[in-house]
Amino acid sequence: MRFSRRMDALPPYLFAEIERKIIEKRKSGVDVISLGIGDPDLPTPAYIVEEMQRQVADPRNHQYPSNAGVPEFGEAAAAYMARRFGVNIDSKNEFFPLLGSKEGLAHICWSTLDAGDVALVPDPGYPVYSAASLLAGAEVVTMPLLAENHFLPDLDAVDPDVAARAKLMFLSYPNNPTAAVTVGDFFERVVAFAKRYDIAVVHDNAYCELVFDGYEAPSFLATPGAMDVGVEFFSLSKPFNMTGWRAGFGVGNREILEPLWRLKTNLDSGMFTAIQRTAAFVLNGPWDFVHEMNAVYAGRRDVLLEALTNIGLAAPTPKATIYIWVPVPEGYTSTSFAGHVLDQAGVVVTPGTGYGAAGEGFVRISLTAPDARIREAVDRIERSLRI
Ligand SMILES: Cc1ncc(COP(=O)(O)O)c(C=O)c1O
């Protein structure tokens with residue numbers, strides 16, 4: 001059989017590989033502690049499950065959904081954007097549902113990029129930005145996120161000829177995998193850069209509600225001029241422990257969203273209406289659950305950072321996300337350290353290079369296990385470092 005050449009450009013998906021290794025280890029009897037994947041370990045809260053049960057039982061929700069979304073989902077998203085960020089969007093023309101934000105991040109490459117166009121992609125970055133750009137035939141040009149620049153891309157370092165060929169730029173703050181947040185006038189500079197080179201900015205805001213110590217993550221669209229150049233994707237996955245539900249939405253510039261919507265109407269048949277109505281219910285609040293989860297993650301973060309510091313693996317304290325971006329000990333690379341920790345300690349952490357070459361020297365540790373398991377993981381890592 002013959003397959004598409006397009007697939008040759010595509011590496012195996014990082015987390016599919018990690019999942020395969022976990023299964024192998026567990027089969028051989030190892031009690032694996034997985035701190036590798038950003039998938040909340042606690043269940044979707046009962047008040048959301050109960051609303052979904054009501055919606056599933058309602059025959060109004062059983063037919064093909066509307067791709068544009070039921071009005072109440074758009075209205076709830078618009079109300080959220082206004083209440084939370086002071087951003088006004090038109091729920092009819094500047095909103096539509098996504099089958100998880102990953103789906104939108106992938107498809108926007110198809111609706112924006114042609115062969116030979118440049119996609120500017122953060123390195124390290126969530127892998128779908130570059131994978132989907134490559135599938136669309138585009139040239140991926142990475143923007144290194146370095147500690148000395150607060151893990152923000154240096155826009156002045158982008159070659160002007162490359163910028164002139166760029167049609168799309170991906171950004172995401174709070175950031176996966178570095179856990180960095182935006183600093184100073186960075187978003188203003190992004191808007192100016194995008195206007196200068198006529199680039200569509202996709203701001204992936206999947207982590208904006210996972211915040212600690214009073215930090216409030218902004219919307220890129222709240223930046224003056226951002227609605228002219230950008231769209232922003234939100235996800236219910238992480239703040240509400242709903243990763244399995246595949247519920248997200250895109251908002252922002254209608255010229256950028258329209259071709260994405262047209263593409264999607266040709267490819268998928270929209271989001272299950274029961275999920276859309278439940279998503280509207282979720283966005284309308286209450287939000288106590290998110291605050292409770294953030295307290296849980298902040299506690300785990302502190303447990304992990306203290307334990308890591310005690311074994312000589314200090315890492316900065318993040319203000320947001322469910323990740324710690326940890327420099328690897330001397331003598332290891334990202335991959336050799338992640339491999340060592342898996343083989344000798346049965347602990348899964350993600351090698352920084354899984355997110356791009358600039359992730360070298362780091363591993364990402366997720367806060368997706370209870371305190372006791374986190375402590376045990378660090379104890380085991382400590383013992384493994386003595387081997
Ligand atoms: C940065 C980032 N964006 C988007 C997503 C995808 O989230 P969703 O479940 O909405 O597809 C993830 C998931 O890990 C992520 O880390």
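Two rings of Phe, Tyr or Trp are taken as an aromatic pair if their centres lie within 6.5 Å, and planes that are neither under 30 degrees nor over 60 degrees apart count as tilted. The structure described here is a predicted model. By this rule, the count of aromatic pairs in the model comes to 21. One of them is formed by Phe85 and Phe234, with 5.8 Å from centre to centre and an angle of 40° between the planes, and the pair is therefore classed as tilted. Distant parts of the chain are linked by this pair, since Phe85 belongs to helix H3 (residues 71-85) and Phe234 to strand E7 (residues 230-235), with the two positions 149 residues apart in the numbering.

The ligand occupies the space of the largest pocket. Its surroundings comprise 14 residues, of which Asn176, Asp204, Ser235, Ser237 and Lys238 come nearest. By residue type, this shell divides into five nonpolar, five polar and four charged residues. Helix H4 (residues 101-112) supplies the largest share of the shell, namely three residues.

Polar contacts with oxygen atoms of the ligand involve both the backbone and side chains of the protein. At Ser101, a polar backbone atom is found 2.7 Å from an oxygen atom of the ligand. An N or O atom in the side chain of Ser235 lies 2.6 Å from a ligand oxygen atom. For Ser237, the distance between a polar side-chain atom and an oxygen atom of the ligand is 2.6 Å. On its own the ligand has 400 Å² of accessible area, and the protein covers 93% of this area.

Particular backbone geometries were also identified in several loops of the model. Asp123 and Pro124 are joined by a cis peptide bond, for which omega is about 5°. The position of Pro124 is in the loop that runs between strand E3 (118-123) and helix H5 (128-135). A cis peptide bond is likewise present between Gly285 and Pro286, where omega is about 10°. Here the proline, Pro286, falls in the loop between helix H10 (273-283) and helix H11 (288-310).

A further backbone feature concerns the phi angle of Phe151. This residue is not a glycine, yet its phi is positive, at about 60°. Phe151 is located in the loop that separates strand E4 (139-144) from helix H6 (160-165).

Note on methods:
Residues are numbered from 1 along each chain as its sequence is written. This is a predicted model: local features need pLDDT of at least 70, side-chain atom pairs count only at pLDDT 80 or more; totals for chains, interfaces and linings use all residues. Side-chain values use heavy atoms; hydrogens and water are left out. A residue is near a molecule or strand if one of its heavy atoms lies within 4 Å of it. A polar contact is a pair of N or O atoms within 3.5 Å; within protein, one must be able to donate a hydrogen and the other to accept it, and residues adjacent in sequence count only if both atoms are side-chain atoms. Accessible areas come from the Shrake-Rupley method with a 1.4 Å probe; for residues, only the protein chains shown count as cover. On a 1 Å grid over the protein atoms alone, a cavity is a set of points where a 1.4 Å probe fits but cannot get out, and a pocket is an open set with protein on both sides within 12 Å along at least five of seven lines; lining residues have an atom within 4 Å of a point. A molecule sits in a cavity or pocket if more than half of its atoms lie within 2 Å of its grid points. Helices (H or I, at least four residues) and strands (E, at least two) are DSSP runs, numbered from the N terminus. Ala, Val, Leu, Ile, Met, Phe, Trp, Tyr, Cys and Pro count as nonpolar, Asp, Glu, Lys and Arg as charged, and the others, Gly among them, as polar. Rings of Phe, Tyr and Trp (its six-membered ring) pair if their centres lie within 6.5 Å; planes under 30 degrees apart count as stacked, over 60 as edge-to-face and the rest as tilted.
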